[in-house]
Amino acid sequence: QDEIKVKKYPSPYYYSDQTKLFIIDTESEIDSESHIKKIASDIFDIHLKINKRILVLCTSFKQIYDFERIIKSLSRGQNNHFLFQKKGTSRDLLLSDYLKYSNSVLFGTNTFWEGIDLPKDKLEILIIFKLPFSNPKDPFIKANIDYYNSHNLDAFSQYQLQDAIIKLKQGFGRLIRG
C-alpha cells in the first residue's frame with residue numbers, strides 16, 4: 001500500500017490584511033429579476049463611490065447579459081468604463097480594455113475565474129455573484145454525475161462540490177495576489 005503523507009503549508013497571503021468579505025443575506029431567488037437589479041444597482045453605486053477597478057465573476061452569460069441591460073439603464077448612456085464578456089469575445093482584449101482605466105468594471109464568466117493575473121492595484125474589488133457550481137444540465141457535467149451515480153458515489157459531494165470549491169479558490173485568488 002502507498003503511504004499518504006499529510007502536511008500543512010502556511011499561506012503566503014495575509015487574508016485579514018488583504019481582504020474584507022461581505023455576504024448578502026437575502027431570501028431572494030438569486031436569478032430573479034429583482035435580485036439581479038438590486039445587485040446591479042449596488043455594483044453601480046460602489047463603482048461611483050469608490051472609483052477603483054472591479055471584477056464581477058458570474059457563472060453564466062445570461063447573468064452578464066442581465067447585468068449589462070440593467071447597468072446600461074442606470075448609466076443612461078454614459079460609458080463609465082463597464083465591460084461585459086460576450087460569447088466569442090477575446091479575454092485578452094477585454095483585459096486590455098479593463099486595464100486602460102483605474103475605475104473599470106469587468107463582468108466575466110468561466111475564463112475569468114481562472115488563468116488571469118491581476119497583481120497589486122489591477123484588481124481591488126472582487127464581486128462573486130454566485131457560487132461557481134457547474135450547470136448539471138451541461139452534457140459533460142451530466143455525464144460525470146451519471147458516472148459517479150452509477151458507481152454508487154455521491155456525485156454532489158465528491159464531484160460537483162469539489163469542482164465548485166476549486167473554482168471558488170481560483171476566483172478568490174484573483175484578488176489576493178499582491
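This report describes the fold, cores, surface and salt bridges of a predicted protein model.

## Overall architecture

The protein contains 6 helices and 4 strands. Read from the N terminus, these elements follow the order α-α-β-α-β-α-β-β-α-α. Along the principal axes, the C-alpha atoms occupy a box of roughly 65 × 35 × 35 Å.

Of the 178 residues in the protein, 35% are buried. The exposed area comes to about 12000 Å², and carbon and sulfur atoms account for 54% of it. Where contacts join residues at least 6 apart in sequence, 70% of them link residues at least 24 apart.

## Nonpolar cores

In soluble globular proteins, nonpolar side chains tend to be buried together. In this model the largest nonpolar core comprises 20 residues, and Ile43, Val56, Phe67 and Phe107 have the most contacts inside it. At least two residues of this core come from each of α2 (33-50), β1 (54-57), α3 (61-75), β2 (82-84), β3 and β4. A further core, of 13 residues, lies apart from it and includes Leu94, Ile116, Leu118 and Leu123.

Isoleucine 43 illustrates the packing of the largest core, in which it is one of the residues with the most contacts. Leaving aside residues up to four places away in sequence, isoleucine 43 touches Val56, Phe67, Val105, Phe107 and Ile127.

## Helix α4

Helix α4 spans residues 91-99, and its residues Leu94, Leu95 and Tyr98 are buried. Viewed down the axis of α4, the buried residues fall within an arc of 100 degrees, so they line one face of the helix. An α-helix has 3.6 residues a turn, so residues three or four places apart point the same way. The buried residues of α4 pack against β1, β2 and β3. Leu94 is also among the members of the 13-residue core.

## The loop around threonine 111

Threonine 111 is located in the loop that runs between β3 (105-108) and β4 (125-128). Threonine 111 counts as partly exposed because its relative accessibility is 34%, a value between the 20% and 50% limits of that class.

Beyond residues up to four places away in sequence, threonine 111 touches Gln85, Arg91 and Ile116. Of these contacts, Ile116 is listed among the residues of the 13-residue core. Threonine 111 and isoleucine 125 are separated by 14 residues in sequence, and their C-alpha atoms are 18 Å apart in space.

## Surface patch

A nonpolar patch on the surface is formed by Leu131, Phe133, Phe156 and Leu168, which together have about 340 Å² of accessible area. Within this patch, leucine 131 belongs to the loop between β4 and α5 (139-150). Its relative accessibility of 49% places leucine 131 in the partly exposed class.

## Salt bridges

Side chains of opposite charge can pair when their charged atoms come close. The structure holds 11 salt bridges. In one of them, aspartate 31 pairs with lysine 130, with the closest N and O atoms 3.2 Å apart. Aspartate 31 sits in the loop between α1 (15-18) and α2, and lysine 130 in the loop between β4 and α5, so the pair ties together parts that are 99 residues apart in sequence. Aspartate 31 is partly exposed at 39% relative accessibility, and lysine 130 is partly exposed at 25%.

Glutamate 33 forms a salt bridge with arginine 69, in which the closest N and O atoms are 3.1 Å apart. Because glutamate 33 lies in helix α2 and arginine 69 in helix α3, this pair ties together parts that are 36 residues apart in sequence. Glutamate 33 has a relative accessibility of 35%, and arginine 69 has a relative accessible area of 44%; glutamate 33 counts as partly exposed, as does arginine 69. A network of salt bridges links Glu33, Lys62, Asp66 and Arg69.

A further salt bridge joins the side chains of aspartate 146 and lysine 142, at 3.2 Å from N to O. Both residues lie in helix α5, where aspartate 146 and lysine 142 are 4 residues apart, about one turn of the helix. Aspartate 146 is partly exposed, with a relative accessible area of 38%, and lysine 142 is partly exposed at 42% relative accessibility.

Conventions. Residues numbered from 1 in each chain as written. Predicted model: local features only at pLDDT ≥ 70, side-chain atom pairs only at ≥ 80, totals over all residues. Heavy atoms only, no water. Buried < 20%, exposed > 50% of the residue type's maximum accessible area, 1.4 Å probe, protein only. Contact = heavy atoms within 4.5 Å. Core = buried A, V, L, I, M, F, W, Y, C linked by side-chain atoms within 4.5 Å. Patch = residues over 30% accessible without salt bridge, like charges linked within 9 Å, V, L, I, M, F, W, Y side chains within 5 Å. Areas by Shrake-Rupley, 256 points an atom, 1.4 Å probe, with all protein chains shown as cover. Salt bridge = Lys/Arg side-chain N within 4 Å of Asp/Glu carboxyl O. Arc of directions from axis to C-beta.
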